[in-house]
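Colleague: Please take a close look at one single part of this model for me. Start with the term I need, then build the picture outward.

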Amino acid sequence: MATLDSLKHALRQKAEGVASFQKNPLSDAQYSAAFGLLVEDTGWDTYHDFIIPQLSESLGPLFSSRGSISVLEIGPGPKSVLEYLPNGTRRKIRRYTALEPNDLFASALESRLCPNSEMGLPFPCVEVPPHINRRPFSAGEENGAGGAGCSPSDPHEKYDVILFCHSMYGMKPKRRFIEQALEMLTERPNDGIVVVFHRDGTLYLEGLVCHRTATFPTGVVSVANDDDILDSFASFIVGYVMQNGDVGKAVRSEWRKVCRSMGRIEETHSHQLSFSSPNIMAAFTKHATSLPELIELLPLARADYTVKNREAVLQRPASVVRPTNIGQVQDCIRWALNHGASLAVVGGGHSGHCLWTNVVSVDMGAFDEVHILKARETGTSSDSDSNHLVVIGAGCKSGHIVSKTMEAGLTIPLGARPSVGAGLWLQGGIGHLSRVHGLACDSIVGAVMVSADSAHVIYIGQVPSQYQPTGAVRPENENDILWAIRGAGTNFGIVVSVTFKAHAARTYFVENRIIPLRNNLEAQHELRHFDTKIAKNLRRKCAADAYLYWNAGKMHLGITMLESSAATLDFTVPKPSTESIDWGTGTHVRTVDAIGLFETEMYVSWMHGGHAGGKTSSFKRCVFLKDIGGDIIFEQLMAAIVKRPTSLCYLHLLHGGGAIMDTATDATAFGCRDWDFACVVTGVWPRDQDGTESARSTVQWVYDVVRALLPLSTGVYAADLGPDPRDKALAAQAFGLNRSRLARLKQELDPRNVLAYACPLLLPKTREGPKLVVLVTGKSCAGKDYCAGIWVSKLNQHNPKIIARSVSISDATKQEYAHATGANLSRLLNDRVYKEQHRPALTKFFLEQVQQRPRLPEEHFLNLLHDAADIDVLLITGMRDEAPVATFSHLVPHCKLIEVHVRVSQKLRHARRGGHSSSGEGGEQDKDTDAELMVLNHCPSLIFINNMSGHAAPEIFAGQHLFPFLHEDLQRLADMVRLVPGFPHPNVEFRHVLGISQKRGGLALCTSLLQTHFTGDWAKVAAIACCETGGLIFASVLSSQVNVPLALIREAGKLPPPTLSVVKPSSYISSMAPSSSSVKRIQMERDVVGKGDSVVVVDDVLSTGETLCAVLMLLGEAGVRAENVRVVVVAEFPFHRGRALLRDRGFGMVDVRSLLVFGGA
C-alpha cells in the first residue's frame, strides 16, 4: 500500500511532466470536499486510535496542573478535535481561539461553538466567546507583535496550548512556524505546549528538540474508486487543481491511473482504494531550542557512528552526542531533566529505537573497554571459573568481548551476532550458550550507571573497586535496580559498564543441514520429529535450532545442531558425543571457536545465498513457544511462510530450556523462561528497498504473524520492543508476572520518562485499573452517553485526585461493522440519526459475531479495562448484556462494578431518535418507561430517570449516588481487612473481614457505611435478616442504629420451634476445613417475618453465593418475595461469581450491594 507522500510525488511528477500545465489553488469548497475524505471512514481510525489518545496524554499534565487553559487551534477544520476530549477536560478551556482560513470550515466551526439547545457548548466554561480568525497562521514579522493568533484587542496574546491538528499543510519551512508558536506560549512555572500532528510520516525540524513524540505507522485512508472523487482527492494531495482544458483533462486522467495503480484494493472493500497514511505527533515546549546548551558540553558523534537497524537509519535525530567520560553522560541526563526532554541511547545500533527524529541520541561507543579480572584479582580464594569477572563498557560489541575473553581462556554467554551491544545483554541476551550458562542477563553481577532521576553516578552489585567511578554511590534500593537491569536494563538509567561473571572458554561442533519439504504433512512430521526426538533429548551442552523458509519453489526446514565443550580446540574432532542422537550426514560440519561460531548461523551464509554482507535489511519480533510440532502452532507457522511478503522472510526457532530455566522467573526481571523455542519472526527485504512499500508490508507481516502466535505463546522477547504502538500488546506479555514490579520501578527510577525510547513498562500502571466501573445501560436514545459525560465531569470536579473517563463498548462493534460493510465509521460514532438508521443491521451484525465468537463481549469489556489502567473511574456505555454486573464482575475481581440503568419516556426517545423506529430492539421500543423494568430479569444497582432537560438532574444524581462509592471511608474500612496468605489452605489468600470488629472504631465505621449505602426507607423495612456468625456481628449493630428488629438465621437445632429450614451447602472457606460437612440446614423462627414483608439481608461476605441463596430460599419459605429483599454485604469476592449463581437460581431481581471488593478468597 503506497503512502500518501509517495502518491503526492508520483502525481506531481505526472503534472510537471506536461510542458504547458497550469495550476490553480484549491478553492474552499474543493479543499473542504477532499478534507472530508481524510477524516471519515478509515481516516477516522487515525483520529480515534492515535490523535485523540495522544492529544489527551500530551495535554494531561498541563490540564491537571491548571484550573484554566487558553487554546489556539491552527487549522481545526469544521470541528475542533478538542471536542473529543472528556467533558471535565473541556470544561477547563476558558479561552479558545482558532485560525481557520477556509470560510466554509470557519462558518461550521462558529456554528458548533455557538450556544445550541440540543448539543450544548463544546467548551461550556469559556469566559469570552470563542474567536474564529479567518486567516492562516504565518511565521515571522507579518504576524505582528503577538503572532497570527492575536485577538485584535490584545496584540500580545499568549496561550497555554497551541495545536496544529491537521498537518502543517503548506507551511514551509516548518521550523519557523513552530518557533513562532513557541514565542506565543505562556510563561508560567509549568510552560505551555505546542502539539503537532503531521500526516506525511516525517517531520524533521533541524535544531528543535521534542518534548515527546509518537508515531502511528498503521494509519490508512480509503477513497471510493470513482472518477470524480479521485479527481478531488488527487488535487487535495498535490495541493492544487489543474485548469480546465485539454491539458488539465489529460493530467486528471493520468492522476486517476496513478491512484488506481498505487492504491490497494481490499477484498472486503473492492470499491475503494486504500493508501498508507502514517502519522506523527510531536509536542514542543519552550525548551525546544535548548539543544545548543547540550552541544557546548560534549562532542558530537563521529559521522561514521554505526547503526545497524534500517528503521533507525531512516530517522533524523535532533543530534547524536558521544560522551567520552561519565561526567558527560551525567551532563546528558541533567540537560534532559532541566528541559523536560527524553533521550535515546545507541549501543550496538541494532534497536529500531536508538534513533528518533527530533530526539537527542546518546552514542555510548566511547565506552568500549573490556577488563578481565581472574579469581585472584577479585579477592576470592578460589580459582573457580565462576569467580572470574569481566567488566565491560556499554559501548562494546559482542564480537570484541568474545575475542578479548577468549585470549584469557574465558567466555560470557552473549548474543548470536558479533555486532550486538549492551541493549541485548541488558534485556535478556539469547545466544549460543544459553542452554549451558543461561541468558546474558543471568551472568550480570553488577553495573555502573547514571540515574535517570537524579543524574547521580551509582554502582550496584559486584563492581570491582578499581572500576567504581570517583564519587559513585551505592543506592539504598540497590537490589531492586540490579534485579531490574537483568532483563529490562535499558529503562532505568544510562548504563556505563556491566560486570559479568565469566566461564571457561568452549569449543563448538556445529552441523547445518537442510531438509526440502514436499508438503505440509511432511513439514509437520519433520518439525515434530525435530522437536520431540532431537531437541527434547539433547543434553544442555547441546542445542538445536530450526529455520522454516521458502526457497526454489518449496518449503525448507533448516537445522543447526551445536555441541559445546570446555576441551581444547581440536579441528580433527569429527563428530560430537551426543548420546544416541542421529545427526545425519548433514551439509556442512565444522569445529570452531567462539569467534568462528558467529559465521556458522544458517541465515548468514546458507539461506537464500546468505543474508550477510549488507545486501538485505530485516525486521524481527520474537515470541516464546512450546510444542512447535502441535497442530495449532504448526498451522500458524505454515500460514506465516505461505503469506510471506518477500521470498527472503523466515522463521528462526532458537532452542530454549536447560540453564535458562534454572533461574526462577522472579529472580531477574526476565520473567519468561518456560519455553522450548524462541520463535524469531524475521521479515527480510533487499536493502535498496528500504523505506518502500515492500519494507512496510514486510514489517506489518512480522506483526501479523506475532499477533497470531501471541495467544499460543508463553511470552514475548522484550529486546526488540519500543514505542511503536504495535508493540503495546507485545510489551504486555514481555515480562510475565514481573511486569507490575517493573512498572512501579520505572515510575520510581525514571519518573520523568527520560528514557522513553525503550521497551514500554507503562502497563499495567501502579494499580490494576479502575477502582470503580459504572456500566451505564438503557435503551437506545435514553441519553446514556449524555449522562455519562456529565457524570465524568462531576466526578473529576468532585476530587482532583480522581481521573474519570467515559467510553463506549459498542465502538469496537461499530469499527468491525464499518470495516465489513463499508459504512461510515465517523458517522456511526458521531451522527445519531445515521447510527439509528444502521441500528438494526448493527444489532444483527453483533449477534452474528457473538455466534461465531461467544466470548466477544468479554473481549470487548477486557480491552476497555486494559486501556484504562491509569483511570480511577471508568463509565462504560453501549452495554448489550443482561445483568452486566453478574456477567462481567468476575473478570475484574479487584474493581467494584455497578450498573446505572437510564430510563426515559417513549416520547423523548422517539424525539431523540429523529423519528426513526428501530426494529433491532425486540419490539420493546414503543413501551413506556413504567413498563421498561418489567422486561428486565435483573435488578440494576441504580436507576436514573432522564426525562428532564439540562445538566441539573444528572449532576444531582452523581452527587447523591455516585460520590458515595468513592468516599475515603471505604478505603479506611478496606485497610482494616487483613490479608492472611495460605489460610486455611496453602492456595488461598484469606481476607479477615470479621477482623473489622476487632479494630477500634471498625464496627461504627462499617455500620455507618452499611446505613449510607442502603438507598431505601428503613421505616418500611420489617426485619434485618442475618446468618451466623459473620452476618450477626454486623447486623446487630446496624439493627440498633436503624431501629429495625433482627431475623436470626442459624444452623438447625439452635433456635426454638416452630421454625422453617432449608439446606445450605458449605461456604467456600468452610468447605476447606478437614471435618467440614458438604451440606447443613439453616433455620429461622416461623413468625419472625411475615408474608409480603420488606427484608434487608446483612452478611459479612458474598463469595460463591451458596449461603445467600439458602437465605433467600428460607425467606421465600416465609412468604417474602425476592423483589422485596435487599442484600448488603461488607465484602464481595467477584472471582467466585456469586452474583451469577443468584441469577441462575432465580434471584436476579434481588438488589445486592457490597461495600468492598477483593480479588482473593
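Modeller: Start with strands. A strand here is a DSSP run of E with at least two residues, and strands are numbered from the N terminus. Helices are DSSP runs too, of H or I, with at least four residues. Keep in mind that this is a predicted model.

Now zoom in on N358. This residue sits in the loop that links β14 to β15. Its phi is positive, about 65°, although N358 is not a glycine. Is N358 buried or exposed? Its relative accessibility is 2%. The cut-off for buried is under 20%, so N358 counts as buried.

Next, look at the two strands on either side of that loop. β14 covers residues 343–346. β15 covers residues 360–363. The two run parallel, and four bridges join them. Pick out one pair of residues: V345 stands opposite V362 in β15.

These strands belong to an open sheet. It has three strands, in the order β13-β15-β14, and the pairing is parallel. Which strands form the edges? They are β13, residues 319–321, and β14. Each of these edge strands pairs on one side only. On average, neighbouring strands in this sheet are turned by 30° against each other, with direction ignored.

A helix goes with the sheet. Helix α11, residues 326–339, lies across β13, β14 and β15. Against β14, α11 runs at about 160°.

Compare a second sheet. This open sheet also has three strands, here in the order β8-β11-β10, but its pairing is antiparallel. At its edges stand β8, residues 220–224, and β10, residues 264–266. Each has a single partner strand, so one side of each is left without a neighbour in the sheet. Neighbouring strands here are turned by 40° against each other on average, direction ignored.

Stay with β10 and β11 for a moment. They pair in the antiparallel sense over two bridges. R264 has S274 in β11 as its bridge partner. β11 itself spans residues 269–276 and includes Q272. Is Q272 buried or exposed? Its relative accessible area is 10%, and under 20% means buried, so Q272 is buried. What does Q272 touch, apart from neighbours within four places in sequence? Its contacts are S222, V223, A224, N225, R264 and I265.

Now go back to the theme of positive phi. D627 is another residue other than glycine with a positive value, near 55°. This residue is in the loop between β27, residues 616–625, and α19. D627 has a relative accessible area of 44%. That value lies between the 20% and 50% cut-offs, so D627 is partly exposed.

Follow that loop into α19, residues 631–642. The axis of α19 comes within 11 Å of the axis of α16, residues 520–534. They cross at roughly 120°. This angle makes α16 oblique to α19. Why oblique? Roughly perpendicular covers 65 to 115 degrees and roughly antiparallel needs over 145, so 120° fits neither. The crossing is right-handed.

Which residues make the contact? From α16 come N520, A523, Q524, L527 and R528. From α19 come D631, F634, L637 and M638. Together they divide into five nonpolar, two polar and two charged residues.

Two peptide bonds also deserve a glance. The bond from K172 to P173 is cis, with omega near -10°. P173 lies in the loop between β5, residues 161–164, and α6, residues 174–183. The bond from P1057 to P1058 is cis as well, with omega near 0°. P1058 lies in the loop between β39, residues 1046–1051, and β40, residues 1059–1065.

Finally, step back to the whole protein. Its secondary structure comes to 35 helices and 44 strands. Of its 1161 residues, 55% are buried; N358 is one of the buried residues. Now take contacts between residues at least 6 apart in sequence. Of these, 76% join residues at least 24 apart.

Methods
Residues are numbered from 1 along each chain as its sequence is written. This is a predicted model: local features need pLDDT of at least 70, side-chain atom pairs count only at pLDDT 80 or more; totals for chains, interfaces and linings use all residues. Side-chain values use heavy atoms; hydrogens and water are left out. Axes are lines fitted to C-alpha atoms, for helices over the stretch in contact, and angles run from 0 to 180 degrees between N-to-C directions. Angles under 35 degrees count as roughly parallel, over 145 as roughly antiparallel, 65 to 115 as roughly perpendicular and the rest as oblique. A crossing is left-handed if the near helix is turned anticlockwise from the far one by less than a right angle, and right-handed if clockwise. Contact means heavy atoms within 4.5 Å. Ala, Val, Leu, Ile, Met, Phe, Trp, Tyr, Cys and Pro count as nonpolar, Asp, Glu, Lys and Arg as charged, and the others, Gly among them, as polar. Two strands pair if DSSP finds at least two bridges between them. Buried means under 20% relative accessible area, exposed over 50%, partly exposed in between (1.4 Å probe, protein chains only).
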